[in-house]
Amino acid sequence: MRTVIEPFRIKTTEPIRLTTRAERAVALQEAHYNVFLLDAEDCCIDLLTDSGTGAMSTAQWAAMMMGDESYAGSRSWKHFEQTVRDITGFDHILPTHQGRAAEGILCETLVKPGDLIPNNSHFDTTRANIEYVGGRAINFLCPEGLSTQDESPFKGNMDVAALEACIQQSGAEKIPFCMLTVTNNTGGGQPVSIANVRAVKAVLAAHGIPLVIDACRFAENAFFIQHRDPDYADKSLLHIARELFALADAATMSCKKDGMANIGGFLACRDADWATRFRNLLILREGFPTYGGLAGRDLEGIAVGLREALEESYQVYRHATITYLSRHLSEMGIPIVQPPGGHAVFLDAKRFARHLPAEGYPGIGIVNALYLEGGIRAVELGSVMFARRDADGREHPSPLELVRLAIPRRVYTQSHFDYLIEVIASVWQRRDQLPAHRITWQPDFLRHFTCHFEPQQGQHLQ
Ligand SMILES: *Cc1c(COP(=O)(O)O)cnc(C)c1O
């Protein structure tokens, strides 16, 4: 059959509160036109993030009921450890409460002030953890990754020549490790090819620099490899994942993504000396090494979830939802980033709202219109989030103005997607009326979470 169906049926439902436009207008005003400040209950379809927002399976819930809450050496820990080791091949596994805790331990242990940490694109918590201990986080994204329309299959790849040049210039001793983020979240969830990981590893190995994989979406990345690299068309997702990890020396993971869980993470490595040093900090920050900031039941749920993420039928369905959404939007001429990534569809706000300059935050205009029109919560990835600000407050806009629609795992059905498409189409039809916004209050950093906006006077949505 050509029709891809959700490979699950629904046993437990969670009601969605349906709101009127008048109610949403009040809620948005009370949230100072910043959707981060809305109550989740006031959102009909919440696409703020795919992190920790997925639905668990009956097998995961059943495993959670078997959680062993012993402080040390619990049965649940064994399940978790065996699963992570089987998939990644790493000898040393350290559970953490989420991905950034694994990054914190990695960086605090290995990064010295003045060190450089290359990546295809650092995720913001990774960058923050590196900078917090005095390191410099640098991105070497391949040139095609910077284009919103280039249809290359692996736009998350690292620019290997740029990496090589950086090592030559700074010296290998300045680089305690190099990272690769799969898929490349900051770069739109674009995949990284096995060939690229291999090329990066070869350059690093010649200089004795270890490779650390930021593995948050390793299963989605394995699916892309299976479908875009003919050499892997007949390989299982598990096989591809193992091949990826075999090229690395360590990995950080947020199980809120491809762990199919609502919380959790891990740090894993091959080197025994690294493991000892990581473990000392783990005990200080997270907990005893056999639970590391998680309940026994969480370890069980993640152990099952990691395997479910590698199920063929699940990834086929996951990919089909993203393709369905992006195909319908493209057919209506709505500008999106092409090709779509693994966990989200991105609207190109610059081309969507051509009449709005970067200073008018076109992404915010679209995000707020989506909310007013249909109770959709999306997120701006543009000048509000990324503009550089001078000491005198002058802003340098972000090169891209995007709106991200992140898709939670196994949560929304096709009719939710049809509704979403209808809402976006309706906003698109009246795009000329999208108002500019200005910031009326902002904190000193990470302003997008809490700042206040005001739609520009004389312009409002009908
Ligand atoms: C989510 C994410 C992280 C951080 O994980 P948390 O669980 O949110 O702390 C790190 N890297 C990437 C690529 C991510 O998507």
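A salt bridge is a side-chain nitrogen of Lys or Arg within 4 Å of a carboxyl oxygen of Asp or Glu. The exercises below concern a predicted model.

**Exercise 1. Determine whether E220 and R409 form a salt bridge, and place the pair in its wider setting.**

Solution.
- Step 1. The side chains of E220 and R409 approach to 3.1 Å, N to O, and the cut-off is 4 Å. The contact is a salt bridge.
- Step 2. E220 belongs to helix 8, whereas R409 is found in the loop between strand 14 and helix 16 (414-429). The two residues are 189 residues apart, and the pair links distant parts of the chain.
- Step 3. Both E220 and R409 are buried.
- Step 4. Through shared partners, salt bridges join D50, R217, E220, D258, R318 and R409 into one network.

**Exercise 2. Characterise the salt bridge between R217 and D50, including the burial of each partner.**

Solution.
- Step 1. The N to O distance between the side chains of R217 and D50 is 3.0 Å.
- Step 2. R217 sits in the loop between strand 6 (211-214) and helix 8 (218-228). D50 sits in the loop between strand 1 (45-46) and helix 2 (58-65), 167 residues apart from R217.
- Step 3. A residue counts as buried under 20% relative accessible area. R217 has 3% and is therefore buried; D50, with 1%, is buried as well.

**Exercise 3. Locate E108 and R285, and classify their accessibility.**

Solution.
- Step 1. The side chains of E108 and R285 meet in a salt bridge of 2.6 Å, N to O.
- Step 2. E108 is part of helix 4 (residues 99-110) and R285 is part of helix 10 (residues 272-285), so this pair ties together parts that are 177 residues apart in sequence.
- Step 3. Partly exposed residues fall between the 20% and 50% cut-offs. E108 has 37% relative accessibility and is therefore partly exposed. R285 has 47% and is likewise partly exposed.
- Step 4. The structure as a whole holds 26 salt bridges.

**Exercise 4. Describe the five-stranded sheet and the setting of strand 2 within it.**

Solution.
- Step 1. The sheet is open, its strand order is 2-8-7-6-5, and its pairing is mixed.
- Step 2. The edges are strand 2 and strand 5 (178-181); each has a single partner strand, so one side of each lacks a neighbour in the sheet.
- Step 3. From one strand to the next, the twist averages 15°.
- Step 4. At one edge, strand 2 pairs with strand 8 (residues 265-269) in the antiparallel sense over five bridges. T96 stands opposite G265 of strand 8.
- Step 5. At the other edge, strand 5 pairs with strand 6 in the parallel sense over four bridges, and C178 has L211 of strand 6 as its bridge partner.
- Step 6. Five of the five residues of strand 2 (residues 92-96) are buried, so the strand is largely enclosed by the rest of the structure. The cover extends to both faces: H92, L94 and T96 are buried on one side, and I93 and P95 on the other.

**Exercise 5. Which strands form the edges of the three-stranded sheet, and which helix packs on the sheet?**

Solution.
- Step 1. Three strands form an open sheet in the order 9-14-11, with antiparallel pairing.
- Step 2. Strand 9 (344-348) and strand 11 (379-381) are the edge strands, each pairing on one side only.
- Step 3. Neighbouring strands in this sheet are turned by 35° against each other on average, direction ignored.
- Step 4. Strand 9 and strand 14 (residues 402-406) are joined by five bridges in the antiparallel sense, with A344 opposite A406 of strand 14.
- Step 5. Helix 12 (residues 312-331) packs on the sheet and touches strand 9 and strand 14; the helix direction makes about 20° with that of strand 9.

**Exercise 6. Identify the residues of the nonpolar surface patch, and assess whether F445 is buried or exposed.**

Solution.
- Step 1. F445, L446 and F449 make a nonpolar surface patch of about 330 Å².
- Step 2. F445 lies in the loop between strand 15 (437-441) and strand 16 (452-455).
- Step 3. Exposed means over 50% relative accessible area. F445 has 64% and is therefore exposed.

Methods:
Residues are numbered from 1 along each chain as its sequence is written. This is a predicted model: local features need pLDDT of at least 70, side-chain atom pairs count only at pLDDT 80 or more; totals for chains, interfaces and linings use all residues. Side-chain values use heavy atoms; hydrogens and water are left out. Buried means under 20% relative accessible area, exposed over 50%, partly exposed in between (1.4 Å probe, protein chains only). Two strands pair if DSSP finds at least two bridges between them. Axes are lines fitted to C-alpha atoms, for helices over the stretch in contact, and angles run from 0 to 180 degrees between N-to-C directions. Contact means heavy atoms within 4.5 Å. Patches are made of residues with over 30% relative accessible area and no salt bridge: like charges are joined within 9 Å, nonpolar side chains (Val, Leu, Ile, Met, Phe, Trp, Tyr) within 5 Å. Accessible areas come from the Shrake-Rupley method with a 1.4 Å probe; for residues, only the protein chains shown count as cover.
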